[in-house]
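Student: I would like a close look at a single part of this structure, set in the context of its chain. Could you walk me through one helix and its surroundings?

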Amino acid sequence: MDVQKVQDNIKKVRTAKGVTQRALANYLGITEMSYSRLENQNERVDSIQLYKIAKFLNVDLDIFFNEKLTESVVYNLKIKPKKEGVS
């Protein structure tokens, strides 16, 4: 699977969860601009960042590697309760 698809899936999951780029950037300890570049495939996401993003979004890491992340899967993410106090 290519890195671009992984990064596209990160964006889909983040928006489905109602999380802003700023919130994720703050959690990762990077600027919002850096996070935006990561999502827009101008920078590559590394394995540590990917793990942290999955933890913050309260999803299994493998969802980012789903070749065909369907609208129904994304919809189901919206109705799952978000983790409180993620650190």
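Tutor: Happy to: here is a look at helix H4, with the chain around it and the loop after it. This is a predicted model, in which local features need pLDDT of at least 70 and side-chain atom pairs count only at pLDDT 80 or more, while totals for chains, interfaces and linings use all residues. Residues are numbered from 1 along each chain as its sequence is written, and side-chain values use heavy atoms, with hydrogens and water left out.

The setting comes first. The protein chain has five helices and zero strands, where helices (H or I, at least four residues) and strands (E, at least two) are DSSP runs numbered from the N terminus. Of its 87 residues, 34% count as buried; buried means under 20% relative accessible area, exposed over 50%, and partly exposed in between, with a 1.4 Å probe and protein chains only. Among contacts with a separation of 6 or more, 66% join residues 24 or more positions apart, a contact being heavy atoms within 4.5 Å.

Now to H4 itself, which spans residues 47-57. Its buried residues are Gln 49, Leu 50, Ile 53, Ala 54 and Leu 57. They cover an arc of only 135° around the axis, so they lie on the same side of H4; the arc is that of the directions from the helix axis to the C-beta atoms. On the other side of H4, Ser 47, Ile 48 and Tyr 51 are exposed.

What do the buried residues of H4 pack against? Their partners are H1, helix H2 (21-28) and H3. Two of these partners, H1 (residues 3-17) and H3 (residues 32-39), have axes that come within 8 Å and cross at roughly 120°. Axes here are lines fitted to C-alpha atoms, for helices over the stretch in contact, and angles run from 0 to 180 degrees between N-to-C directions. H1 and H3 are therefore oblique to each other; angles under 35 degrees count as roughly parallel, over 145 as roughly antiparallel, 65 to 115 as roughly perpendicular and the rest as oblique. From H1, Gln 7, Ile 10, Lys 11 and Arg 14 meet Tyr 35, Leu 38 and Glu 39 of H3.

Finally, the loop between H4 and helix H5 (71-79) holds Asn 58. Asn 58 is not a glycine, yet it has a positive phi of about 60°. With a relative accessibility of 29%, Asn 58 counts as partly exposed.
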